[in-house]
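Work through the exercises below with the model open. Try each task before reading its solution.

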Amino acid sequence: MPEKFQETAILIRQEEIADQIYSMCLKTEKIAAKAKAGQFLSVYCNDGSRLLPRPISICEIDSKKGIIRLVYRVAGRGTEEFSKMHAGERLRIAGPMGNGFPLKKSKALIIGGGIGIPPMLELAKRVTGEKKIVLGFRDELFLAEEFRRFGEVFIATEDGSAGVKGNVLDAILEYRLSADVIYACGPTPMLRAVKEYAAIHNMECYLSLEERMACGIGACLACVCASKETDEHSNVKNKRVCKEGPVFAAEEVEL
Ligand SMILES: Cc1cc2nc3c(=O)[nH]c(=O)nc-3n(C[C@H](O)[C@H](O)[C@H](O)COP(=O)(O)OP(=O)(O)OC[C@H]3O[C@@H](n4cnc5c(N)ncnc54)[C@H](O)[C@@H]3O)c2cc1C
Ligand code: FES
């Protein structure tokens, strides 16, 4: 089983990069050296009334300097607490959690929607072959410029304020984008549409799923998704997103 660590990380930088979206850099002892694109951290609140860790995807990894970047949206009490923290403060984290994306050498389409965009940045950096990047936003853009360093970027916005009006699939169809392998992270309706598109066009496809989590280590079954095969742990057609995922081959999971 891949190694996981519990650490007290030091927050070295935090900024609001779009409305209610924060970018946080953490200095870690060991996690950054082992982390892969598509894995996540379990981030603990300092407020003791919130015991469960919050799963946040790894957006960037600097393994030499031991730095991990997270980009998150304020969704409730836990993420609100994180957003109020300043450089020098400490945060308990565990990771790297989950499996991460398999790196293929084929022509890739990297797709992120909403708060599913951050984990695709480290992936875009690591995929070595030809790649096209499709990003879908509700309205305000974030991270888009940073992606341009790693490939050609196509934008979709729901309100039509930038790029194609609509969702990531609208942008893919408008620009007739094709690839051998698709990597995607975003809301479930988007992943369902991407899965269908990949199946019709006979493309290999990997999806990063987001389910509500509790333990984050495979023990409580709070995060299961329906799967094709029977899971050895629970003996039903389920997979634990925190343990077997969050990345699955599209044909493995029912959305
Ligand atoms: C694998 C994975 C990766 C994620 N990566 C990111 C990311 O990179 N950026 C980002 O902004 N958000 C990400 N999320 C969603 C993020 O975990 C939730 O927004 C966050 O846990 C909300 O916590 P809260 O205390 O602010 O909200 P509350 O609603 O108060 O949370 C209450 C409880 O529900 C859990 N919870 C609530 N929403 C979610 C959710 N969507 N997924 C899982 N657990 C949830 C919390 O962990 C907590 O235990 C990810 C979720 C998963 C499962
Ligand atoms: S969150 Fe407990 S098994 Fe996944």
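Domain bounds here come from an automatic or database domain assignment. The model is predicted.

**Exercise 1. The domains**

Task: List the domains of the protein chain, then state what separates the centres of domain 2 and domain 3 and which elements form the side of domain 2 that touches domain 3.

Solution.
- Step 1. The assignment gives domain 1 (5–97), domain 2 (101–208) and domain 3 (210–255).
- Step 2. Taken over C-alpha atoms, the centres of domain 2 and domain 3 are 23 Å apart.
- Step 3. Now count the contacts. On the domain 2 side there are 10 residues, and they meet 7 residues of domain 3.
- Step 4. Place them on elements. Helix 6 (188–200) and strand 13 (204–208) each give two or more residues to this side of domain 2. Helix 6 gives the most, with 5 residues.
- Step 5. Sort by class. This side of domain 2 holds 6 nonpolar, 2 polar and 2 charged residues.

**Exercise 2. The open sheet and its helices**

Task: Give the strand order of the open sheet of 7 strands, find its edges, and say which strands helix 3 and helix 6 touch or lie across.

Solution.
- Step 1. The order is 11-10-9-8-12-13-16, and the pairing is mixed.
- Step 2. Look at the ends. Strand 11 (164–165) and strand 16 (247–249) each have a single partner strand, so one side of each has no neighbour in the sheet.
- Step 3. Take one pair. Strand 8 (residues 108–113) and strand 12 (residues 181–185) run parallel, with 5 bridges. Within this pair, Gly112 stands opposite Cys185 of strand 12.
- Step 4. Add helix 3. This helix packs on the sheet and touches strand 8, strand 9 (131–137), strand 12 and strand 13. Its direction makes about 160° with that of strand 8.
- Step 5. Add helix 6. Strand 8, strand 9, strand 12 and strand 13 are the ones that helix 6 lies across. The angle between helix 6 and strand 13 is about 170°.

**Exercise 3. Burial of helix 3**

Task: Why is helix 3 described as largely enclosed by the rest of the structure?

Solution.
- Step 1. Set the cut-off. A residue is buried if 20 or more other C-beta atoms lie within 10 Å of its own.
- Step 2. Apply it. The buried residues of helix 3 are Pro118, Pro119, Met120, Leu121, Glu122, Leu123 and Ala124.
- Step 3. Conclude. Helix 3 spans residues 118–126, and 7 of its 9 residues are buried, so the helix is largely enclosed by the rest of the structure.

**Exercise 4. The surroundings of ligand 1**

Task: Which domains give residues to the shell around ligand 1, and which elements give two or more?

Solution.
- Step 1. The shell has 20 residues, the closest being Ser57, Tyr72, Gly76, Gly78 and Thr79.
- Step 2. Strand 4 (54–57), strand 6 (67–73) and helix 2 (77–83) each give two or more residues. Strand 4 has the largest share, 4 residues.
- Step 3. By class, the shell is made of 10 nonpolar, 4 polar and 6 charged residues.
- Step 4. Domain 1 (5–97) and domain 3 (210–255) both give residues to the shell, so ligand 1 lies between them.

**Exercise 5. Strand 3 and its partners**

Task: Are the residues on the two faces of strand 3 buried or exposed, and with which strands does strand 3 pair?

Solution.
- Step 1. Phe40 and Ser42 lie on one side, Leu41 and Val43 on the other, and all are buried. Both faces of the strand are therefore covered.
- Step 2. Strand 3 pairs with strand 4 in the antiparallel sense over 4 bridges. Phe40 has Ser57 as its bridge partner there. Ser57 is also among the closest residues to ligand 1.
- Step 3. Strand 7 (residues 90–97) is also antiparallel to strand 3, with 3 bridges. Here Ser42 is partnered by Ala94.

**Exercise 6. Backbone exceptions**

Task: Where are the cis peptide bonds before Pro96 and Pro246, and where do Gln20 and Leu143 take a positive phi?

Solution.
- Step 1. Recall the rule. Most residues other than glycine have a negative phi, and most peptide bonds are trans.
- Step 2. The bond from Gly95 to Pro96 is cis, with omega near -5°. Pro96 is in strand 7.
- Step 3. The bond from Gly245 to Pro246 is cis as well, with omega near 5°. Pro246 is in the loop between strand 15 (238–240) and strand 16.
- Step 4. Gln20 has phi near 65°. Its place is the loop between strand 1 (5–18) and strand 2 (21–27). Gln20 is partly exposed, with 13 other C-beta atoms within 10 Å.
- Step 5. Leu143 has a phi of about 65°, in the loop between strand 9 and helix 4 (144–147). Leu143 is buried, with 23 other C-beta atoms within 10 Å.

Methods:
Residues are numbered from 1 along each chain as its sequence is written. Chains are lettered from A and ligands numbered from 1 in the order in which they are written. This is a predicted model: local features need pLDDT of at least 70, side-chain atom pairs count only at pLDDT 80 or more; totals for chains, interfaces and linings use all residues. Two residues are in contact if their C-beta atoms, placed from the backbone, lie within 7 Å. Ala, Val, Leu, Ile, Met, Phe, Trp, Tyr, Cys and Pro count as nonpolar, Asp, Glu, Lys and Arg as charged, and the others, Gly among them, as polar. A residue is buried if 20 or more other C-beta atoms lie within 10 Å of its own, exposed if 12 or fewer, and partly exposed in between; C-beta atoms are placed from the backbone. Two strands pair if DSSP finds at least two bridges between them. Axes are lines fitted to C-alpha atoms, for helices over the stretch in contact, and angles run from 0 to 180 degrees between N-to-C directions. A residue is near a molecule or strand if its C-beta atom, placed from the backbone, lies within 6 Å of it.
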